[in-house]
Amino acid sequence: MISLPLIKYILTAALRDRLMVTLVVMVGAGASLGVFLGSAAMTEQESFSTVFGAGGLRFLGVAGLVLFVCFHLRRAFDNKEVEFMLSRPISRLGYLFSHAAAFIFLALIVAVVVTLCVLATGKPNVPGLIAWGFSLMGEYAIMVVAALFFSFVLTSAAGSALATFGFYALARLIGTLIGISRAAPENMFFAFLNNVIELISVIIPRLDLMGQTSWLVYGVDGSAGIALRDHAGMHAVWLAENIGISGFIGVQTILCIALLLAASAFDFTRRQF
């Protein structure tokens with residue numbers, strides 16, 4: 001179902017658009033900025049550099065990947081490239097899954113580059129860095145598939161990019177919303193609202209629990225991981241206690257990607273050209 005020539009074409013387009021070169025340059029600049037900000041600290045300069053660099057590079061990678069996916073797909077629709085490709089011996093699902101595979105491959109490359117840059121900015125906790133890098137791969141994979149979904153549903157590159165960033169913001173803030181709902185006054189309305197937010201936290205990827213910068217300094221166990229956080233949510237605590245941090249990251253990544261691809265396939269197979 002996946003077309004290798006189409007995947008190669010998409011990766012070639014990424015090189016042609018200088019995506020990887022631009023991201024590498026920006027990641028290098030961000031890492032240098034993190035080192036500079038960390039040097040201003042009075043104590044533990046290496047830890048500050050690692051945390052500052054990791055936080056900025058994490059978002060920088062997301063921004064670059066999302067913008068590439070959204071504008072690449074929008075250009076393909078505007079230039080009638082999609083209609084031309086579908087006139088060839090490739091199904092709509094093959095076209096969709098080939099794009100998803102290519103974008104996920106790019107996301108993994110960017111995650112590896114960012115992880116290596118974080119390693120170069122200081123002396124992070126090695127097990128924590130491995131968990132952080134693995135988590136970053138899952139986060140970037142989820143976000144490129146989310147960008148693919150919004151690019152198929154919406155007719156504007158800017159609109160799909162903004163919708164994807166809104167999705168990312170919600171995924172990063174859902175833990176805060178859970179914490180607020182649990183601290184609210186005890187009455188029927190807030191109890192109902194708490195249940196609604198818990199349900200949303202099951203559907204929305206818990207990116208606030210993935211790639212925590214505290215892992216880079218204290219390790220996963222030293223930072224209490226996921227299970228001991230008050231705003232983790234019941235399902236996140238259950239997964240963390242039963243299959244561990246790596247299992248939580250892997251299961252969440254697979255389920256979110258499958259859900260987004262299913263929604264994209266439902267919309268794309270029904271679209272009239």
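These are my notebook entries from a look through a predicted model of one protein.

**Entry 1: confidence**

I started with how far to trust the coordinates. The protein averages a pLDDT of 80, and 82% of its residues score at least 70. Which helix came out lowest in confidence, and which highest? Helix α2, residues 19–39, is at the bottom with a mean of 69. Helix α6, residues 126–153, is at the top with 91. Where pLDDT is low, the predicted coordinates should not be read in detail. I left α2 alone for now and spent my time elsewhere.

**Entry 2: overall layout**

Next I looked up the secondary structure. I found 10 helices and 0 strands. Reading from the N terminus, the order is α-α-α-α-α-α-α-α-α-α. The protein has 273 residues, and 48% of them count as buried. I also checked how far apart in sequence the contacting residues are. Of the contacts with a separation of 6 or more, 79% are between residues 24 or more positions apart.

**Entry 3: cysteines**

How many disulfides does the structure hold? The number is 0. I looked up two cysteines anyway. Cys70 is buried, because its relative accessible area is 0%, under the 20% cut-off. Cys256 has 8% relative accessibility, so this residue counts as buried too. I noted both for later, since each turned up again as a contact partner.

**Entry 4: α5 against α6**

I then went to the pair formed by helix α5, residues 92–121, and α6. Their axes come within 8 Å and cross at roughly 145°. The crossing is right-handed. What classes of residue make up this contact? I got 23 nonpolar residues, 3 polar ones and no charged ones.

Met137 lies in α6, and I looked at its surroundings next. Setting aside residues up to four places away in sequence, Met137 touches Leu108, Ala111 and Val112. Is Met137 buried or partly exposed? Its relative accessibility is 28%, so Met137 counts as partly exposed. I also took a C-alpha distance from Met137 to Gly211: 9.4 Å in space, with the two positions 74 residues apart in sequence.

**Entry 5: Ser160 in α7**

Ser160 sits in helix α7, residues 157–182. Only 1% of its relative area is accessible, so Ser160 is buried. What is Ser160 in contact with, once neighbours within four places in sequence are left aside? I listed Cys70, Phe150, Ser151 and Leu154. That brings back Cys70 from my cysteine entry, a buried residue itself.

**Entry 6: Thr176, also in α7**

Thr176 is another residue of helix α7. Thr176 has a relative accessible area of 46%, so I put this threonine down as partly exposed. Its C-alpha is 8.9 Å from that of Asp208, and the two are 32 residues apart along the chain.

**Entry 7: Ile203 in α8**

Ile203 belongs to helix α8, which covers residues 188–203. With 49% relative accessibility, Ile203 counts as partly exposed, because exposed would need over 50%. Not counting residues up to four places away, Ile203 touches Cys256 and Leu259. So here is the second cysteine again, Cys256, buried at 8%. I also checked Ile203 against Ala171: 32 residues apart in sequence, 9.7 Å apart from C-alpha to C-alpha.

**Entry 8: two residues of α10**

Helix α10 runs over residues 234–270, and Thr253 is in it. Thr253 is buried, because 10% relative accessibility falls under the 20% cut-off. Which residues does Thr253 contact, apart from neighbours within four places in sequence? They are Gly138, Ile142 and Met210.

Ile243 has its place in α10 as well. Its relative accessible area is 40%, so Ile243 is partly exposed. With neighbours within four places left aside, Ile243 is in contact with Phe248 and Val251.

**Entry 9: a backbone oddity**

Last, I looked up Lys80. This residue is in the loop between α3 (45–78) and α4 (81–86). What caught my eye is the positive phi of about 60°, although Lys80 is not a glycine. Most residues other than glycine have a negative phi. I marked Lys80 in my notes for that angle.

How values were computed: Residues are numbered from 1 along each chain as its sequence is written. This is a predicted model: local features need pLDDT of at least 70, side-chain atom pairs count only at pLDDT 80 or more; totals for chains, interfaces and linings use all residues. Side-chain values use heavy atoms; hydrogens and water are left out. A disulfide is a pair of cysteine sulfur atoms within 2.5 Å. Buried means under 20% relative accessible area, exposed over 50%, partly exposed in between (1.4 Å probe, protein chains only). pLDDT is the predictor's confidence in each residue, from 0 to 100. Helices (H or I, at least four residues) and strands (E, at least two) are DSSP runs, numbered from the N terminus. Axes are lines fitted to C-alpha atoms, for helices over the stretch in contact, and angles run from 0 to 180 degrees between N-to-C directions. A crossing is left-handed if the near helix is turned anticlockwise from the far one by less than a right angle, and right-handed if clockwise. Ala, Val, Leu, Ile, Met, Phe, Trp, Tyr, Cys and Pro count as nonpolar, Asp, Glu, Lys and Arg as charged, and the others, Gly among them, as polar. Contact means heavy atoms within 4.5 Å.
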